[in-house]
There are 4 protein chains.
Amino acid sequence: MFPLPVIVVNFKSYREASGERGLELARIAQEVSEESGVTIAVAPQMVDLALVVREVKIPVFAQHIDTVKTGSYTGSTTLNAVKEAGAVGSLLNHAEKRIKASEIDEIITEMNREEMVSILCTNNYAVSKALSLLSPTFIAIEPPELIGGDVSVTTAKPEIITRVVKSVEKLAPEVGVLTGAGVKTSKDVRRALELGCDGVLLASGVVKSDNPRKTLEDLASGVD
Amino acid sequence: MFPLPVIVVNFKSYREASGERGLELARIAQEVSEESGVTIAVAPQMVDLALVVREVKIPVFAQHIDTVKTGSYTGSTTLNAVKEAGAVGSLLNHAEKRIKASEIDEIITEMNREEMVSILCTNNYAVSKALSLLSPTFIAIEPPELIGGDVSVTTAKPEIITRVVKSVEKLAPEVGVLTGAGVKTSKDVRRALELGCDGVLLASGVVKSDNPRKTLEDLASGVD
Amino acid sequence: MFPLPVIVVNFKSYREASGERGLELARIAQEVSEESGVTIAVAPQMVDLALVVREVKIPVFAQHIDTVKTGSYTGSTTLNAVKEAGAVGSLLNHAEKRIKASEIDEIITEMNREEMVSILCTNNYAVSKALSLLSPTFIAIEPPELIGGDVSVTTAKPEIITRVVKSVEKLAPEVGVLTGAGVKTSKDVRRALELGCDGVLLASGVVKSDNPRKTLEDLASGVD
Amino acid sequence: MFPLPVIVVNFKSYREASGERGLELARIAQEVSEESGVTIAVAPQMVDLALVVREVKIPVFAQHIDTVKTGSYTGSTTLNAVKEAGAVGSLLNHAEKRIKASEIDEIITEMNREEMVSILCTNNYAVSKALSLLSPTFIAIEPPELIGGDVSVTTAKPEIITRVVKSVEKLAPEVGVLTGAGVKTSKDVRRALELGCDGVLLASGVVKSDNPRKTLEDLASGVD
């Protein structure tokens, strides 16, 4: 796997990160990663996935996987398609794309078999603790009420991060922990790492920034 | 728009049409189209969309659009992303990805505004007639019980095609009609055109063929 | 069927219309109906359906039907269960419970076979026109942006009602038309009937009223 | 809560257990419970819930809860509606009605606050272990491939039950364990209890029995 800590940039369905602009943002992420030596990964829009993989060398994630089955599933995104597109793994169960508990288990089991990296998003302490037992590569704890907001989870709810880190360490020590929601600055990144996280997951902070390169440089500088 | 009639090949989530094999199938479709002079379009797997658009010049369709809204929609495929990926349009409401009636209206309205080509799949006469009033570019009538089977809809249920063609002609004459389900040979294509269709929509007949090029050449020869 | 015009009261999932309070509201609706001679129907909360049917003689509707299939479908509401519970029919495709176009067709076809009354909710002119071809008993046109609001659709958008009434009269004359959204007073009911509707569909105007009986009496007085 | 062990009969959407026949089956369950002294609970069809609660004194469960929110949710079943209908609790996440992990957490949290009994269905060892941390009243482990079949889970996969019982005892000792899938006879019940379960969850074994009373009597005799 890629070296930790990691900064994962989720492009969501933002207009600012689709098509050519999405490609450009992925290239900027790569440049900042190379210059700073900090791992930066991107999760581009679903239809751009295979193209972005071809254009950059940093780790590329899908934003979601619909099913592990291949075949007559028009309009679905399969684990196989994500893998063949060259993605290193996928976000799963994002606040904007929650999936069923039994599907999370099925997809993670298959991703682990395929040695793919799963970033399983969770909304609170209880769910993080429970789902860590399903053996994702990472739990990404993101309190939904802070997503897209101006205050970082690391400032607003540091205790939830601490509790998740401790609980995962105890119950599922092989699982990493990321955090997100409101993350925007080097200070937020530094604080997340101090609290025991392996990295951050963010979106609007970079995608909607007036100067994504500068924002990424600042974020990367939060890693010593 | 592209010249009619059209042969649309849906890659679904078939393993045989993902990643490199999907790209290769798109290239074969382009070659057969150039040699035969018949329009052949492809609907590759969602994560391959932008890449396939870059690699071929034939019309490329998305298999599905989730929403017309851009923004905080992780894991969704927006109309904007499909358009910026360079697709000419999208399949909608496929038997394996049915959508809500009000969403069909919303997506088609926006696709028409963006001059994108919509292929709206339907399952029977009543639904085809009703949804033709929502002004898609094409209605693609596919009786679900024949999809993926060995008997072509043109042989098993020619009367449903005739009824849809007549009804659309009367109620929404600007809407084209495609048909699919069990379509595999030049004879099926010829029959579809004789029944008044503007083309065919098929998947397994090509994707799971031992020799997709030969199958596509045969299908194209059904157009005089 | 019941005499027209009809006032249909949707209890939604309002706390004010669940359990004992739901039963009481159904009884009030019955009393006002008997006193005024105007048909008033109720759509109680799903889990109260069979009980409400036993307690009142006015027409009782389900709020939704999941599927026409019976069998191994834990947690689903089948058409058969709704019928055996004694409901006269069901709302379908409400703005808060949109369903797929092909399911609308399947459920209405079966409801017509079973002589059940279907009230098919729609959001705009194009969808109303299209779905009227699927032969529901009623189209209930409700612009979503006015639902639950203070201005009646009959005041804010009378032209949409007129267009739907005319279009349904022409394309599917056996289909009735209801309207709703913001309907609260006798004036709104009178205006709906003047515009050619067969009745109104409303929820908060009655359920959240300080005095549901008085509100229902006022609404009923809008029918001459 | 009711005395353990418990036999829970899920009526699903079976035609044999809807309307009058559903009521009759609930009454039979009550009679067998009274005669045998064994707790028997029923989960009738959703639209019959409030009526069945009025007609019998045994514990009655909903088959599913859509949301904990009340208000403008036409066609949804709220926790509040289930509670006001008089149900003792609800099945959750049945194989035929899986729900999202974050919703499971939200609904169970609210059910615990309301002192309602939650029976959380799970499909395998890993999911049972993980979701037991969300503090349902019971985990009901049901391997999906055995549901509705002829071989009881207690015979086909006793080891999965043992593993779940042990794991829950260790991680969440306040959570009970039920099992189901293929359960039909007193022998199956006896075996489930020997393996450490607090009861069984079954459906077709009773509902589709030629003689539900006799089947229930036999099942109850499996409890010493």
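Start in chain B of this predicted model. Select B:Y125, B:S128, B:K129 and B:S132 in α5(B); these meet B:I160, B:R163, B:V164, B:S167, B:V168 and B:L171 in α7(B). Colour that contact by class. Five residues are nonpolar, three polar and two charged.

Now show the two helices whole. Helix α5 of chain B spans residues 125-132, and helix α7 of chain B spans residues 158-171. At what angle do the axes of α5 and α7 of chain B cross? They cross at roughly 20°, and the axes come within 9 Å. Angles under 35 degrees count as roughly parallel, so α5(B) is roughly parallel to α7(B). Look at the handedness next. The crossing in which α5(B) passes α7(B) is right-handed.

Zoom out to both chains. Select the contact between chain A and chain B: chain B gives 37 residues and chain A gives 37 residues. Which elements of chain B give two or more residues to the side that touches chain A? They are α2 (49-55) and α3 (79-84) of chain B. Colour this side of chain B by class too. On the side of chain B that touches chain A, 18 residues are polar, twelve nonpolar and seven charged.

Last, superpose the copies. Chain B lies on chain A with an RMSD of 0.0 Å after a turn of 180° and a shift of 0.0 Å along the axis. The two copies are therefore related as by a two-fold rotation axis. Return to the interface with that in mind. Of the interface residues of chain B, 100% are also interface residues in chain A, so the copies meet through the same surface.

Conventions. Residues are numbered from 1 along each chain as its sequence is written. Chains are lettered from A and ligands numbered from 1 in the order in which they are written. This is a predicted model: local features need pLDDT of at least 70, side-chain atom pairs count only at pLDDT 80 or more; totals for chains, interfaces and linings use all residues. Two residues are in contact if their C-beta atoms, placed from the backbone, lie within 7 Å. Helices (H or I, at least four residues) and strands (E, at least two) are DSSP runs, numbered from the N terminus. Ala, Val, Leu, Ile, Met, Phe, Trp, Tyr, Cys and Pro count as nonpolar, Asp, Glu, Lys and Arg as charged, and the others, Gly among them, as polar. Axes are lines fitted to C-alpha atoms, for helices over the stretch in contact, and angles run from 0 to 180 degrees between N-to-C directions. Angles under 35 degrees count as roughly parallel, over 145 as roughly antiparallel, 65 to 115 as roughly perpendicular and the rest as oblique. A crossing is left-handed if the near helix is turned anticlockwise from the far one by less than a right angle, and right-handed if clockwise. Copies are superposed by least squares on the C-alpha atoms of residues with pLDDT of at least 70 in both.
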